[in-house]
Amino acid sequence: MNPQFAPQITLRGMLSSIVTLRLAQFRWTLAYWSRALGLLPASGKWQERITFAYIYLLIVALMTPTAVSLLNGLYVLESKSSPALVAIALQNSLPALIAVLSIALIVIPWRAWMLRMTFGDITYLAAAPFDRRLLAVWRYLEVVLFISIIGLIPMTLLAPALAGGSLLAIDVLPAIGRGWLALLLWVMPMLALGWHISLQEYSKTPLPALTRWLGRFVILVAAGVVLYNNRDVLLWPGRLIVLLMRGDAPAILIGWPLLIAFAAVGVIVVALESRGLSMTRAAVGADVLARIQGLGYMVLVDRQLLLSILGEKRASESYAAGVLPKATGLLAIPARTALFYRRQYGQTIQLFAVGLAMGIGLLAWRPDNFIVVVVTAVLLVALLPSQLAAVFRSDMGVPFISQFIPQPLRSRLLASSLVPALIMLAGMIPPLVSLNALMPDWAWGVLPIVWVLSLIGHTDQVGKGTLRSDRNIFSVILGSAALFFVLWSAITSGVGGPLALVQSVAVAGSVSLILLMIADIRHGGTNPQALNTAKQPA
Amino acid sequence: MSKKSRQDRVISPLPVSPTLDTPDEIAIEATAQANIPAMAFADPVRVKPIIGESVLDASGVRKTYGSTEVLHGIDFTLYAGERVALIGPNGAGKSTLLQCLAGWLPMDKGEVTVCGASLTQDEQKARASLVMLPDTPNFYQSLTAWDHLLMVGRFHDLVDVEPAAEYLLDALGLWQVRKSYPSTYSRGMKYKLGLALGLLINPKVILLDEPTAALDPLSARVLWRLLDEFQAEDQGAVLLSSHQVELVTPGIDRFFLMLNGNKIGDGSPRGWIERYHLPDSANIASVFTAAIEEFTRLHPDAAQ
């Protein structure tokens with residue numbers, strides 16, 4: 001290359017690039033959360049922002065004194081009445097937690113994804129001259145900082161125990177600061193050990209996956225051997241951190257230099273190991289992770305979104321086992337769903353296991369009063385329908401194929417709800433049959449709730465026209481009411497065995513009709529004009 | 001689409017030569033039957049189907065994103081057997097118009113009728129006659145290309161689904177990868193699979209968004225060839241959008257030009273040439289340039 005055209009890559013330039021990128025990403029995240037919390041409403045109205053800010057202020061103002069008072073009472077009580085208990089917690093429980101965290105940092109392979117997430121973002125920065133060591137060390141330090149900040153929460157809760165139960169900032173802040181710094185320094189070598197293995201995955205000459213797994217296995221076994229022979233050894237780092245948190249003079253003299261030296265070794269290990277990184281390898285799959293990141297808080301709200309992205313990735317990788325069952329007309333839809341569950345057997349097992357758990361759960365479930373049934377209905381509707389409608393949800397997101405299946409909405413909902421409900425029922429029925437003698441009389445009457453749950457999950461996905469909808473508080477309330485009705489009628493019917501099932505099927509059928517009517521309304525079916533004029537300005 | 005088996009016919013990527021009347025005679029007849037302006041110009045290589053009654057009518061289509069109106073009351077008619085190219089620069093509103101016509105995007109104002117069924121009043125009937133192929137179609141999870149064709153074909157109770165699917169996949173060069181998941185396909189392969197699905201069910205109207213953008217030249221020829229078959233045998237109508245005007249020229253009956261969400265003209269290649277007094281050798285790109293210049297001169301505000 002002509003030196004005249006060689007890019008001038010300096011450490012300062014690279015650092016400046018990363019900082020600029022990260023600041024831009026931080027601003028984006030900030031805006032995202034502000035929108036999520038209603039502080040940046042789409043309408044742009046200040047009235048809405050102020051209303052939300054006021055609500056949050058009220059929540060904090062109402063909750064803080066209660067929480068502080070509660071914690072204060074607990075600490076005072078513990079430190080005065082049970083000093084021995086506090087001593088045990090500080091000497092053993094907390095160090096044990098730190099030991100578990102340390103081992104987890106080394107062996108959990110998900111840690112490698114953190115690296116990928118970064119590289120997905122900054123691959124465009126990584127034109128050939130960009131120093132891989134800087135990218136790896138930067139991300140490594142980010143993760144260290146993140147973990148130590150998470151560690152601040154238990155540190156803050158524990159600090160009063162080291163300050164004689166005092167909640168005054170002047171008493172607890174020094175302890176929190178020392179604890180946080182000690183934890184941060186300890187996380188560095190532990191994470192570096194893990195990254196030493198993970199970075200191999202992205203190396204230009206990677207070690208075989210088996211070797212990497214063996215490495216993790218050996219570390220786990222070694223920890224087990226140490227634990228068996230002298231468990232105190234594993235507690236030493238945690239105890240050192242507790243001592244540093246307390247500010248004990250002898251610990252400070254030896255502890256800080258020791259932790260700083262370990263941390264330096266961590267940085268050096270990561271820097272050395274990242275010299276042979278292949279950016280291409282590291283960036284593979286980054287789009288999947290970027291999509292997961294893009295979901296933001298929705299990952300917490302709806303786990304199915306996350307599963308659907310991971311499932312999509314797996315679907316493209318897995319072998320296309322089985323063939324489409326020969327079914328024509330409307331039955332082609334259950335055939336498609338059945339083939340999905342044949343190929344995504346992990347999801348099939350999940351549904352089956354949930355059904356099994358529900359069947360066994362009937363042994364212990366005692367709906368003695370109205371409240372128990374209401375709570376059960378709400379919990380079931382909150383947890384299960386989205387799982388039962390995972391395939392439908394994914395299919396609704398593909399309008400190109402949906403245009404080939406223009407049957408009435410009701411038929412599609414019924415056809416799509418069938419297969420997942422059958423899988424869950426297949427898990428639920430064996431406990432009912434085998435443990436029939438132990439089951440309450442009305443147990444068989446509960447079976448149709450699986451169908452209702454599946455239909456609730458499917459109707460939740462129906463939006464205006466071809467649009468897909470998301471669950472909201474109203475759909476959860478509505479679904480809970482529907483499920484409660486079926487459950488309550490099954491329990492209070494006074495009939496048992498097959499008769500309970502027949503009666504419950506009839507009730508579930510009526511509820512299904514109502515759910516389908518609601519789906520029609522959401523779809524705009526009762527008012528076709530609404531479909532294309534929904535966004536018409538007044 | 002004819003249900004030939006893969007062994008019974010030979011696919012040629014090259015366009016067929018006309019065997020009936022001369023192209024000009026066909027165009028005159030088609031124009032007379034369809035009662036459209038006398039500007040129809042027959043492509044020299046395609047055997048034109050008889051252009052029939054209107055299958056897609058749009059009037060006053062308006063669409064707004066936020067506070068920006070991207071379609072300013074578009075009127076458009078597509079006749080059976082006709083192939084129309086929707087032309088315009090990036091951001092002209094071509095894809096938005098296609099999506100509104102297909103019912104994928106709700107319009108703010110306007111009316112769309114497909115084969116006599118209103119998209120707003122009788123959505124299912126209207127959509128049953130129409131297939132829209134976006135520039136990058138997506139597919140169902142955990143279904144291979146072959147499964148997709150079988151599922152759609154069986155859902156529509158088509159006779160001999162498998163030979164037809166085999167014919168289409170082979171013609172489009174996807175036969176060898178029929179048992180792979182579409183998510184592993186390139187963009188061009190996805191487009192071809194989408195086209196196969198669209199042609200399988202014999203719709204009255206096919207809307208194609210940027211059909212040549214993802215295809216190699218040979219695949220593009222196969223695309224034109226399959227569309228020729230579709231139009232000749234089933235009198236299907238095709239509306240396609242593209243900004244690659246040089247590539248969509250073969251077999252196009254009309255060019256519908258758009259700029260900034262406005263219709264700036266609609267006519268056959270011959271009609272455009274005569275309108276702007278261009279030489280016969282002029283290509284559609286120069287016609288397009290002349291039309292935009294004229295529109296910008298006459299409507300400076302709308303052209304901004």
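Chain B contains eleven helices and ten strands, whereas the secondary structure of chain A comes to 24 helices and zero strands. Both descriptions refer to a predicted model. Of the 304 residues in chain B, 52% are buried, while buried residues account for 33% of the 538 residues in chain A. When contacts in chain B between residues at least 6 apart in sequence are considered, 71% of them join residues at least 24 apart; in chain A, residues 24 or more positions apart account for 78% of the contacts with a separation of 6 or more.

Two helix pairs of chain A were examined in detail. In one of these, helix α15 (residues 345-364) of chain A packs against helix α20 (residues 409-434) of chain A, with the axes 7 Å apart and at an angle of about 40 degrees. Because this angle is neither under 35 degrees nor within the range of 65 to 115 degrees, α15(A) and α20(A) are oblique to each other, and their crossing is right-handed. On the side of α15(A), the residues that meet α20(A) include L351(A), F352(A), V354(A), L356(A), M358(A) and I360(A), and their counterparts in α20(A) include P420(A), I423(A), M424(A), L425(A), M428(A) and I429(A). The residues of this contact between α15(A) and α20(A) divide into 17 nonpolar, four polar and no charged.

In the other pair, helix α21 (residues 449-460) of chain A and helix α23 (residues 497-523) of chain A lie with their axes 10 Å apart, at an angle of about 0 degrees, and α21(A) is therefore roughly parallel to α23(A). The contact is formed by W451(A), V452(A), L455(A), I456(A) and T459(A) of α21(A), together with A508(A), V511(A), S512(A), L515(A), I518(A) and A519(A) of α23(A). Nine of the residues in the contact of α21(A) with α23(A) are nonpolar and two are polar, with no charged residue among them.

The largest nonpolar core comprises 149 residues, of which V452(A), L483(A), L168(B), A196(B) and L207(B) touch the most other members. Helix α20(A) gives the most to this core, with nine residues. Apart from this core lies another, of 42 residues, among them I98(A), V143(A), I176(A) and M190(A). Within chain A, when residues up to four places away in sequence are not counted, L483(A) touches A377(A), L380(A), V381(A), I449(A), V452(A) and L453(A). V452(A), one of the residues touched by L483(A), also belongs to the contact of α21(A) with α23(A).

How values were computed. Residues numbered from 1 in each chain as written. Chains lettered and ligands numbered in written order. Predicted model: local features only at pLDDT ≥ 70, side-chain atom pairs only at ≥ 80, totals over all residues. Helix = DSSP H or I, 4+ residues; strand = E, 2+ residues; numbered from the N terminus. Buried ≥ 20, exposed ≤ 12 C-beta atoms within 10 Å, placed from the backbone. Contact = placed C-beta atoms within 7 Å. Axes fitted to C-alpha atoms, helices over the stretch in contact; angles between N-to-C directions. Parallel < 35°, antiparallel > 145°, perpendicular 65-115°, else oblique. Left-handed = near helix turned anticlockwise from the far one by under 90°. Nonpolar A, V, L, I, M, F, W, Y, C, P; charged D, E, K, R; others polar. Core = buried A, V, L, I, M, F, W, Y, C linked by C-beta atoms within 7 Å.
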